[in-house]
Amino acid sequence: TEEGIFEKKDIYIRDGKFVDLAQEEDEIVDGEGCYAIPGLTDIHFHGCVGRDFCDGTEEAIQAIADYEASVGVTTIVPATMTFSEDKLTQIARAARAHKNEKGAILCGINMEGPFIAMKKKGAQNGKYIHKPDIEMFDRLQKEAGGLFKLVDLAPEEEGAMEFIRAKKDEVVLSIAHTTTDYETAKMAIEEGVHHMTHLYNAMN
């Protein structure tokens, strides 16, 4: 409830929307022992059901959106990987073209790479790691129609602090795949970072 507690009650749904009262012909589902919660938002995943967001196709995005909605995730912010700008452009265009007519709503993109540290790249492709680049990001953001909402970066990399200062009011900035020390991380937070990606994984 609005008070932050669970309360035993009936929920009425008609034509996919909550309504105040039931009608005689409505289907009854016994939810005894279950909990109803708002739909979840997933801000960091790469794909599911054999599809990857970085396939950069409508078919992949729709398959992902359909599956996510089936398990209670109603809003998605799928993540890219470290690819070339051309490949990231293809992914951005596919996301922008997606109509959100069914399944989970694609409300943004999580840019996990390429602005990361080589020594902590993990599964990311080192061939395409790139220093934080405002102009490159702006080109991709334009192709995505503003859908890049979260950007991962390694704050110790050349250009990172400038990127943070330039983009802190446009996107959520996240420390990720980094060799940064405490003082540099603290400086990044003071400059506008307020998120961390898989905290303590792929970082010191």
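What follows walks through some local features of a predicted model, from its aromatic pairs to a single buried threonine.

Aromatic rings make a handy starting point. A search of the whole structure turns up four aromatic pairs. One of them joins F6 and Y35, whose ring centres sit 4.6 Å apart with 70° between the planes, an edge-to-face arrangement. This pair bridges distant parts of the chain: F6 belongs to the segment before strand 1 (12–14), while Y35 is in the loop between strand 2 (17–19) and strand 3 (40–42), 29 residues apart. Both F6 and Y35 are exposed.

The pair of F137 and F163 is another matter as far as burial goes. Here the centres are 5.6 Å apart and the planes meet at 80°, so this pair is edge-to-face. F137 is part of helix 3 (residues 134–143) and F163 is part of helix 4 (residues 160–167), so the pair ties together parts 26 residues apart in sequence. F137 has a relative accessibility of 0% and so counts as buried; F163, at 0% relative accessibility, counts as buried too. These two rings also have company, as F115, F137, F148 and F163 make up one aromatic cluster. Elsewhere, a phenylalanine ring has a charged partner: K87 lies over the face of F83, 5.8 Å from the ring centre.

K87 falls within the residue range of helix 2 (residues 85–97). This helix has 13 residues and spans 18 Å from its first C-alpha to its last, close to the 18 Å expected at 1.5 Å a residue. Its buried residues are L88, T89, I91, A92, A94 and A95. As for what covers these buried residues, the list includes helix 1 (58–70), strand 8 (109–111), helix 3 and strand 9 (148–153). Helix 3 thus turns up again, having already supplied F137 to the ring pair with F163.

On to the cysteines. The structure holds zero disulfides. C48 is in none, and the nearest cysteine sulfur, that of C54, is 13 Å away. With a relative accessibility of 12%, C48 counts as buried. Why is C107 without a bond to its closest cysteine? The closest cysteine sulfur, in C48, is 16 Å from that of C107, which is too far for a bond, since a disulfide needs the two sulfur atoms within 2.5 Å. C107 counts as partly exposed, at 34% relative accessibility.

T178 is a loop residue tucked out of solvent reach. The loop in question runs between strand 10 (172–175) and helix 5 (182–191), yet T178 has a relative accessible area of 1% and is therefore buried. Leaving aside neighbours within four places in sequence, T178 is in contact with A117, K120, A154, P155, E156, A202, M203 and N204. Closer by in sequence, a polar atom of the T178 side chain lies 2.9 Å from the backbone nitrogen of T180.

K17, in strand 2, gives a contrasting case. At 59% relative accessible area, K17 is exposed. The C-alpha atoms of K17 and K127 are separated by 48 Å, with their positions 110 residues apart along the chain.

Note on methods: Residues are numbered from 1 along each chain as its sequence is written. Side-chain values use heavy atoms; hydrogens and water are left out. Helices (H or I, at least four residues) and strands (E, at least two) are DSSP runs, numbered from the N terminus. Buried means under 20% relative accessible area, exposed over 50%, partly exposed in between (1.4 Å probe, protein chains only). A polar contact is a pair of N or O atoms within 3.5 Å; within protein, one must be able to donate a hydrogen and the other to accept it, and residues adjacent in sequence count only if both atoms are side-chain atoms. Contact means heavy atoms within 4.5 Å. Rings of Phe, Tyr and Trp (its six-membered ring) pair if their centres lie within 6.5 Å; planes under 30 degrees apart count as stacked, over 60 as edge-to-face and the rest as tilted. A charge sits over a ring if NZ of Lys or CZ of Arg is within 6 Å of the ring centre and within 35 degrees of the ring normal. The expected span of a helix is 1.5 Å times one less than its number of residues.
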